[in-house]
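Good morning, and thank you for making room for me today. Please take a moment to look at the sequence and the model on the screen, and then I will walk you through a few places in it.

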Amino acid sequence: MTLRFGISALALLVASPALSQELNALVWCDHADPALVAPFEEKFGVKVNLKEYEGTAAGMAILDGSQPGEWDVLVIDAVDVGRAVEAGKLAPIPAEALPTGDFFPELVMAENNTVDGVTYAVTEKFGYNTIAYDKTKVDPADMADMATLVSGKYDGRIAIYDYYLPVLGLVAMGQGIATADITAESLALLREPLFALKKASKQVADVVSAQTALATGEVDIMVGGGEWVTAVLAADNPNLDWTIPKQGGLRWAQSIGVVAGTTQPDLALEFVKYIVSPEGQAKLATSACYWGMPANAKTGDVLTPEQKAVLRWDEQADFLARAQLYPIPDAALDTAMQDLWTEMLQQ
Amino acid sequence: MSLAARDRRLGWGLVAPALAWTVAFFVLPFAAMVALSFARMEGREIVPAFDPGNYARFFSEWPLFKALLNSMEITVVVTVVSVLLAYPLAAIIAFRVPVRWQRLALLMAVLPFWTSYVVRSYAWLLVLGQNGVLNKALLGAGLIAEPLEIAATRTATVIGFVHFFVMLLTLTIYANLVQLPTNYARAARDLGAGPVQVFRFVILPLTLPGVVTGAFLTFVLCMGDYITPQILGGNNELTLPQLIMLQLGRSGNFPLASALSVVLMAVITLAYLLSSRWLRVDRV
């Protein structure tokens, strides 16, 4: 018999939220912006408790260690919705209640948000893992080609985003391998290019460290960066920019859904609807933690011209055409990818 | 009931809360962790088993084992450098600073403790960066032509650790030094010993318990620290705690994380056994 144990220790670390008059959401840090949840709290007269997590594995562990009904809403990587559904963590939501008709067509992502024709989540925000840089320190023309990064010209001036999926995806695209075609066999082909990139880099950085490194001039280029890194720094450092090189970039997308077993599915659905409404989308897109494009195209009516310029609103058609989705590895490939990443870190 | 039996019952009664606390929050979780370290992953599921595979993997896969070596190397350097810096500082406070100012001197020495650990690490990043305070000062003074590459290196990690642990060691060594009767050194001098001999044959042996206790605490805290190498080391190499965090937060591989934690516990236990001869908590 298969048991999930060992999770309880982690569960002890998670605050157990109260259940009455409160909505409990397991989210990414962009939802923790008070400006985002305040309008919903005022409208429905409830308190929204937010618990931040990073990485699907950590989110699943928190849900595994929680009592049924403890959580109402889950934000999750769009490519991992199927994994959450398979684990029984997400409840069906009525597709007709969601404004997906107003979405950028590429962001409806029905192949990710629905399972067997049933909708379990809806895309709320997206962006790109590509090349971010300081345009006063590097030649922007060089950033159009990933090969320049390992040419020696920028050695010691590069930070690699510390997340194996997008960076391995970028390295794969640099080798002419589509992210969807990464297999255990093709992964071996990524080893040398990945290690070469590490050799040319100064550090492997999480979000905060990468932003600090770019802002302080510690590095000039961030592989895996994008608007989510540079936008929040734009006001203080307008020299930071990003581009999608000729080899392409990765498109990240996050989805939101209702947790299976919630005791207040209607309120949870209202929260989901608020988040994907133009008002909620505008606040989520410009959240204090990180910016990103809203999935709902009608948000363009709410965002200011300055905000749209930072998000590169008018260039989305081109960006969307040249970006691929994250790799979606099965358990074995995921382990192999993480092992390769660990080996790279130890180089 | 005899007096002795009553005393025994009273003793057990007094110790019971602490014992229950230790069993509930250390012994049982530790036993669960050891049991989990022998489980295995099948896909994304944890399967109970008695499989030493996680330990075999740790000792046979170089990127995993190297994390232990990295932790050991950093910890030994940090401990030695911290002792070498903290001992003179503690001695100056104990012997050179007037008694009425010693409390203030100690307060100044531990002032950085008042700052959040994470904030202090990021502050060091700003000091050690290419455009940081240190490089700007050295460049401004004409001592270097190019900025030093310190941030995002092991050196930065060591500096961050040493800054923290010098404070800790200063306290433990100072506490030991001020307990030394001044007559010992005076007697040695009367018998013809020079300053070096007084230190080597009188003061150092008598303060060794404080040094070893502080060094042991430094070793334990440094071996188990995750934040400093993560922020200051630039993630350019993994220490054992970083590797454990990767297994927990990213892979969801709780069995391997448990096995790595048991290894970490074993190393610290070994350090305790090696230093136990000199460990004297009552002297600090």
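**A buried glutamine and other places to look**

Let me begin with Q346(A), which counts as buried because its relative accessible area is 6%, and the cut-off for that word is under 20%. Please keep in mind throughout that what you see is a predicted model. Along the chain, Q346(A) sits in the segment that follows α14 (331-345) of chain A. Which residues does Q346(A) touch, if we leave aside its neighbours within four places in sequence? The contacts are P63(B), K66(B), A67(B), N70(B), E237(B) and L238(B).

Staying with chain A, I would like you to find helix α6 (residues 164-174) and helix α7 (residues 184-200), whose axes come within 9 Å and cross at roughly 100°. Angles of 65 to 115 degrees count as roughly perpendicular, and therefore α6(A) and α7(A) are described as roughly perpendicular to each other. On the side of α6(A), the contact is made by V167(A), L168(A), V171(A) and A172(A), while α7(A) contributes L187(A), L190(A), P193(A), L194(A) and L197(A).

Now let us move to chain B, where W101(B), L104(B), L107(B), M108(B), L111(B), F113(B), W114(B) and L171(B) make a nonpolar surface patch of about 790 Å². Helix α4 (residues 99-109) of chain B supplies the largest share of this patch, namely four residues. One member, L171(B), belongs to helix α7 (residues 154-177) of chain B, and with a relative accessibility of 36% L171(B) counts as partly exposed.

For a buried residue in chain B, please look at A91(B), which lies in helix α3 (residues 62-96) and has a relative accessible area of 19%, so that A91(B) is classed as buried. Apart from its neighbours within four places in sequence, A91(B) is in contact with R96(B) and L177(B). Measuring from C-alpha to C-alpha in the model, A91(B) and A105(B) are 12 Å apart in space, and they are 14 residues apart in sequence.

My last stop is L148(B), in the loop between α6 (133-140) and α7 of chain B. Is L148(B) buried or partly exposed? Its relative accessibility is 33%, so L148(B) counts as partly exposed. Once neighbours within four places in sequence are set aside, L148(B) is in contact with N135(B) and L138(B), and the C-alpha atoms of L148(B) and A137(B), eleven residues apart in sequence, are 11 Å apart in space.

Technical notes
Residues numbered from 1 in each chain as written. Chains lettered and ligands numbered in written order. Predicted model: local features only at pLDDT ≥ 70, side-chain atom pairs only at ≥ 80, totals over all residues. Heavy atoms only, no water. Patch = residues over 30% accessible without salt bridge, like charges linked within 9 Å, V, L, I, M, F, W, Y side chains within 5 Å. Areas by Shrake-Rupley, 256 points an atom, 1.4 Å probe, with all protein chains shown as cover. Salt bridge = Lys/Arg side-chain N within 4 Å of Asp/Glu carboxyl O. Helix = DSSP H or I, 4+ residues; strand = E, 2+ residues; numbered from the N terminus. Buried < 20%, exposed > 50% of the residue type's maximum accessible area, 1.4 Å probe, protein only. Axes fitted to C-alpha atoms, helices over the stretch in contact; angles between N-to-C directions. Parallel < 35°, antiparallel > 145°, perpendicular 65-115°, else oblique. Contact = heavy atoms within 4.5 Å.
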